[in-house]
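This report looks at how charged and polar side chains are arranged in one protein chain. Please keep the sequence and the structure in view while reading.

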Amino acid sequence: MFDRFDAGENAVLVHVDFSDEQNKEDLQELQLLVSSAGVNQCAVVTASRNSPQAKYFVGSGKAEEIAQTVKSLSADVVIFNHGLSPSQERNLEALVKCRVLDRTSLILDIFAQRARTHEGKLQVELAQLRHISTRLIRGWTHLERQKGGIGLRGPGETQLETDRRLLRGRIKAILKRLEKVQKQREQGRRSRKRAEIPTVSLVGYTNAGKSTLFNTVTDAGVYAADQLFATLDPTLRKVELAEVGAAILADTVGFIRHLPHDLVAAFKATLQETQEANLLLHVVDYSDAQYLENIDQVNEVLNEIGADEVPQLIVCNKIDRLEDIEPRIDRDQEGRPSRVWVSAQKGEGIDLLKKALTECLRKSMVNHTLSIPPEEGKLRGILYDLDCIVEERYDGSGSWIVTINMLSADWNRIDKKLEYRLSSFLVNNVNCD
């Protein structure tokens, strides 16, 4: 579809320091992205500007410097730490005589490498096609040629129109497939809601340690590495919590500043797990000097996908890299957990995290003492399966006297299943929150 230079493994990085905070990017983050993509960094060209230049994004003198750097180092690709327009990419490629990628294209390439599941591959392809569709506008000259000649006379479309039509058709087909995936996920969420199983979604800046924490809590064994976007495909696992029972923990893709809108739209089905969660575990790398900015960036994306109203528990991760920081739970003015300090890599503070999760997820609990006659052994078995029996003894008639502590939702569910009311077995009852 394109007459463009091939992108090799040796790259010249370009970083522009803008005075406008909104356009600012982090050079170190670009280097981490390049490393995650498996590309070798040959050189870094930096510049300072108040605003992007229309033709080359950078000034013409700096563009010539980039071209000379590419030539002297025999680089294969130039990677900008910013978003480029299609015309800027084309103009730069004509000048430097090699492939030019912007920040969005680099992130899409990493996502394409990381996708493992069928759903993940579809989502990445959708994002790539949406990104490519903007690159067809004012594209190369061959796109304007009409088909002609014997056996090639067609509907009179230009090549550009044909490519657009093929893109629209492919995007439509992918959206249909993803719609099926979304329906399957929705069925899973509905069944969990019917079973009163709470869902906890891990969110956070990329490389904050979400997958390592996920593995430590659930023993899932998902891929975790010290690189950006190590996780792409979401993973769900069940975890048992005291006084709550089963909960679903979801590991999701990491966020990044200026996350491409095409990616947000493409990963709608995956990110819906975050929207529908009962609680968000916001994992923060507190050893990163820019952790406050990263928190703001994650909250921006959560607001964009409509998950900003979901309650959050901040997990301050990687405390093993900090001095004089011990695992602990910070609480708000009402005594509820607000932050948990842990090291997912070392396994420090995980018990405190589970305790905080229990407190956050615990709804109204019921504390009852029941007198269960010998012929109702089935009910006693149900209570043991829920692991809610605190104490048990026998009375003179052979009945079981059991003290239970359980979720009110579990109490109501059992009450509906039985032919008679559970309240008929009550000796006394005390409700507590």
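## Charged side chains and their surroundings

Arg 328 has a relative accessible area of 35% and therefore counts as partly exposed, in what is a predicted model. The side chain of Arg 328 meets that of Asp 330 in a salt bridge, with 2.9 Å from N to O, and Asp 330, at 22% relative accessibility, is likewise partly exposed. This pair is one of 10 salt bridges that a search of the whole structure finds.

A second salt bridge joins the side chains of Arg 331 and Glu 359, with an N to O distance of 2.8 Å. It links distant parts of the chain, since Arg 331 belongs to strand β10 whereas Glu 359 belongs to helix α11 (residues 350–361), and the two are 28 residues apart. Arg 331 is partly exposed at 37% relative accessible area, and Glu 359 is partly exposed at 24%.

In a further salt bridge the side chains of Arg 336 and Asp 332 meet at 3.4 Å, N to O. Salt bridges with shared partners join Asp 332, Glu 334 and Arg 336 into one network. Of these residues, Arg 336 has a relative accessible area of 48% and is partly exposed, while Asp 332 is partly exposed at 30%.

The three pairs described above are set out here.

| Positive partner | Negative partner | N to O distance |
|---|---|---|
| Arg 328 | Asp 330 | 2.9 Å |
| Arg 331 | Glu 359 | 2.8 Å |
| Arg 336 | Asp 332 | 3.4 Å |

Other charged residues form patches on the surface. A negative surface patch consists of Asp 320, Glu 323, Asp 324, Glu 326 and Glu 348. Within this group, Glu 323 sits in the loop that runs between β9 (312–317) and β10 (328–331), and Glu 323 is classed as exposed because its relative accessible area is 72%, where the cut-off for exposed is over 50%.

A positive surface patch is made up of Lys 172, Lys 176, Arg 177, Lys 180 and Lys 183. One of its members, Lys 180, is located in helix α6 (residues 159–194) and is exposed, with 60% relative accessible area.

Is Ser 211 buried or exposed? With a relative accessibility of 7%, Ser 211 counts as buried, because that class covers values under 20%. Ser 211 is part of helix α7 (residues 210–218), and its side chain makes a polar contact of 2.8 Å with the side chain of Asp 251.

Technical notes: Residues numbered from 1 in each chain as written. Predicted model: local features only at pLDDT ≥ 70, side-chain atom pairs only at ≥ 80, totals over all residues. Heavy atoms only, no water. Patch = residues over 30% accessible without salt bridge, like charges linked within 9 Å, V, L, I, M, F, W, Y side chains within 5 Å. Areas by Shrake-Rupley, 256 points an atom, 1.4 Å probe, with all protein chains shown as cover. Salt bridge = Lys/Arg side-chain N within 4 Å of Asp/Glu carboxyl O. Lys, Arg positive; Asp, Glu negative; His and termini not counted. Charge placed at Lys NZ, Arg CZ, Asp CG, Glu CD. Helix = DSSP H or I, 4+ residues; strand = E, 2+ residues; numbered from the N terminus. Buried < 20%, exposed > 50% of the residue type's maximum accessible area, 1.4 Å probe, protein only. Polar contact = N/O pair within 3.5 Å; in protein donor to acceptor, adjacent residues only side chain to side chain.
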